[in-house]
Amino acid sequence: MSTSKLKDDYKNNIKTYQPKPPYLLNCIKAFVVGGLICTLGQAIQNMYMTFFDFTEKTAGNPTVATLVLISALLTGFGIYDRIGQFAGAGSAVPVTGFANSMTSAALEHRSEGLVLGVATNMFKLAGSVIVFGVVAAYVVGIIRYLYGLAF
């Protein structure tokens, strides 16, 4: 009997014993937690606009910075990981998930030192996200510029 036949038989046999993932429940949890994070962000933005006289445009950057700070603190205390286990993509997609990934990488490698551990490993995951964001923004900018020339 060939190895591939054995692998196929094994895969077919274990399918009946594996639990079905609760896709609908996972989607609902991700939607609710992601929505709560966005609601918190909107509340923070409204606070900046109300108490510090920011405009809607100028309140965006401090709002993002505050969300990143909150996420980094929750990651440091081990709370954001539990939120992520519960919510899945609902906690990973907003900017707080990006801050969580950078902070957790920094915490994981802190024993290797400040420069070689924290600084270099913090950007392993974040570096690709930053590069992709810059390249995507460049491509979209070129498309928008060409679209503006055409019309």
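This is a short selection-by-selection tour of the predicted model you have open.

Some ground rules before you click: the model is predicted, local features need pLDDT of at least 70, side-chain atom pairs count only at pLDDT 80 or more, and totals for chains, interfaces and linings use all residues. Numbering runs from 1 along each chain as its sequence is written, and side-chain values use heavy atoms, with hydrogens and water left out.

**Stop 1: the whole chain**

Show the protein chain as a cartoon. You should find 7 helices and 0 strands, in the order α-α-α-α-α-α-α along the sequence. Helices here are DSSP runs of H or I with at least four residues, strands are E runs of at least two, and both are numbered from the N terminus.

Zoom out a bit. The radius of gyration is 22 Å, well over the 15 Å that the globule rule gives for 151 residues, so the chain is more spread out than a compact globule. That radius is taken over C-alpha atoms, and the rule is 2.2 Å times the number of residues to the power 0.38. Along the principal axes, the C-alpha atoms fill a box of roughly 75 × 50 × 40 Å.

Now switch on a surface. Its accessible area is about 11300 Å², and 70% of that belongs to carbon and sulfur atoms. The method is Shrake-Rupley with a 1.4 Å probe; for residues, only the protein chains shown count as cover. Of the 151 residues, 23% count as buried, where buried means under 20% relative accessible area, exposed over 50%, and partly exposed in between (1.4 Å probe, protein chains only).

One for the contact map: among contacts between residues at least 6 apart in sequence, 48% join residues at least 24 apart. A contact means heavy atoms within 4.5 Å.

**Stop 2: α2 against α4**

Select residues 23–51 for α2 and 79–87 for α4. At what angle do their axes cross? Roughly 140 degrees, and the axes come within 8 Å. The axes are lines fitted to C-alpha atoms, for helices over the stretch in contact, and the angles run from 0 to 180 degrees between N-to-C directions. The pair is therefore oblique: under 35 degrees would be roughly parallel, over 145 roughly antiparallel, 65 to 115 roughly perpendicular, and the rest is oblique.

Show sticks for the contact itself: Lys-29, Ala-30, Val-33 and Ile-37 on α2, with Tyr-80, Ile-83, Phe-86 and Ala-87 on α4. By class, that makes 7 nonpolar, no polar and 1 charged residues. For the classes, Ala, Val, Leu, Ile, Met, Phe, Trp, Tyr, Cys and Pro are nonpolar, Asp, Glu, Lys and Arg are charged, and the others, Gly among them, are polar.

**Stop 3: Gly-41 and Thr-66**

Stay on α2 and pick Gly-41. Its relative accessibility is 6%, so Gly-41 counts as buried. Beyond its neighbours within four places in sequence, Gly-41 is in contact with Thr-63 and Leu-67. Draw a distance from Gly-41 to Thr-103: the two are 62 residues apart along the chain, with 19 Å between their C-alpha atoms.

Next, go to Thr-66 in helix α3. At 18% relative accessibility, Thr-66 is also classed as buried. Not counting residues up to four places away in sequence, Thr-66 touches Ile-44 and Tyr-48.

**Stop 4: Ser-71 and Ser-104**

Keep α3 (residues 60–76) selected and move to Ser-71. Is Ser-71 buried or exposed? Buried, at 1% relative accessibility. With neighbours within four places left aside, Ser-71 is in contact with Tyr-80, Thr-96, Ala-99 and Asn-100.

Then hop to Ser-104 in α6 (residues 95–108). Ser-104 is partly exposed, with 28% relative accessible area. Its C-alpha is 8.0 Å from that of Met-122, 18 residues apart along the chain.

**Stop 5: Asp-53**

Finish in the loop between α2 and α3, at Asp-53. Check its backbone: phi is near 55 degrees, a positive value in a residue other than glycine. Asp-53 is exposed, at 68% relative accessible area. For a last distance, try Asp-53 to Arg-144: 91 residues apart in sequence and 33 Å apart, C-alpha to C-alpha.
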